[in-house]
Amino acid sequence: MSSLLVQQHSTAAPTSPIRLLSARRLIVKIGSALICDAETGEIRGPWLETLIEDVVRFFARGQQVIIVTSGAVAVG
């Protein structure tokens, strides 16, 4: 899972890789800073391809993936 960042709130229990693998549903929030290069404004294609590979693996394990993004603003 090279493209996915697991961010935790200070009140949340630590997320172990086992908990991630056993989850039925994953919600991935992707902001503009991940979708677009800050210097050029270009879409980060290689990063998105890696994200897609990760999502395919989750689906293959029978997990649901919900992607939430604010990146549409940066992309237009």
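A polar contact is a pair of N or O atoms within 3.5 Å; within protein, one atom must be able to donate a hydrogen and the other to accept it. The exercises below apply this and related terms to a predicted model.

**Exercise 1. Describe the overall make-up of the protein chain: which elements does it have, and in what order do they run?**

Solution. Start with the inventory: the protein chain has four helices and two strands. Read from the N terminus, the order is α-β-α-α-β-α. Next, consider burial: of the 76 residues, 22% are buried. The accessible surface comes to about 5700 Å², with 59% of it belonging to carbon and sulfur atoms. Last, look at contacts between residues at least 6 apart in sequence: 71% of these join residues at least 24 apart.

**Exercise 2. Determine how E1 and E2 pair: in what sense, and over how many bridges?**

Solution. The two strands pair in the parallel sense, and six bridges are found between them. One bridge can be picked out by residue: Arg 25 has Gln 64 as its partner in E2. Now examine the faces of E1, which covers residues 25–30. In a regular strand, side chains alternate between the two faces of the sheet. The covered face of E1 holds Leu 26, Val 28 and Ile 30, while Arg 25, Ile 27 and Lys 29 are on the uncovered face.

**Exercise 3. Characterise Gln 64: is this residue buried, partly exposed or exposed, and what does its side chain contact?**

Solution. Locate the residue first: Gln 64 belongs to strand E2, residues 64–69. Its relative accessibility is 41%; buried requires under 20% and exposed over 50%, so Gln 64 counts as partly exposed. Then list its neighbours, leaving aside those within four places in sequence: Arg 24, Arg 25 and Leu 26 are in contact with Gln 64. The side chains of Gln 64 and Arg 25 make a polar contact at 2.7 Å. As a check on sequence separation, Gln 64 and Ala 23 are 41 residues apart in the chain, yet their C-alpha atoms are 8.8 Å apart.

**Exercise 4. Test whether the length of helix H3 agrees with its residue count, then find where its buried residues lie.**

Solution. H3 has 16 residues (45–60), which at 1.5 Å a residue should span 22 Å; the end C-alpha atoms are 23 Å apart, so the two agree. The buried residues of H3 are Trp 47, Leu 51, Asp 54, Val 55 and Phe 58. Viewed down the helix axis they fall within an arc of 100 degrees, and therefore line one face. These buried residues pack against E1, E2 and helix H2 (32–35). Exposed on the other side are Pro 46, Glu 49, Ile 52, Val 56, Phe 59 and Ala 60. Thr 50, also in H3, is partly exposed at 21% relative accessible area. A polar atom of the Thr 50 side chain lies 3.1 Å from the backbone oxygen of Pro 46.

**Exercise 5. Follow the chain from H3 towards E2 and describe Gln 63: what does this residue touch?**

Solution. After H3 comes Gly 62, with a positive phi near 85 degrees. Gln 63 sits in the loop between H3 and E2. With a relative accessible area of 4%, under the 20% limit, Gln 63 is buried. Not counting residues up to four places away in sequence, Gln 63 touches Leu 20, Leu 21, Ser 22, Ala 23, Arg 24, Leu 26 and Phe 58. Its side chain also makes a polar contact with the side chain of Arg 61, at 3.2 Å.

Note on methods: Residues numbered from 1 in each chain as written. Predicted model: local features only at pLDDT ≥ 70, side-chain atom pairs only at ≥ 80, totals over all residues. Heavy atoms only, no water. Buried < 20%, exposed > 50% of the residue type's maximum accessible area, 1.4 Å probe, protein only. Contact = heavy atoms within 4.5 Å. Areas by Shrake-Rupley, 256 points an atom, 1.4 Å probe, with all protein chains shown as cover. Pairing = 2+ DSSP bridges. Expected span 1.5 Å × (residues − 1). Arc of directions from axis to C-beta.
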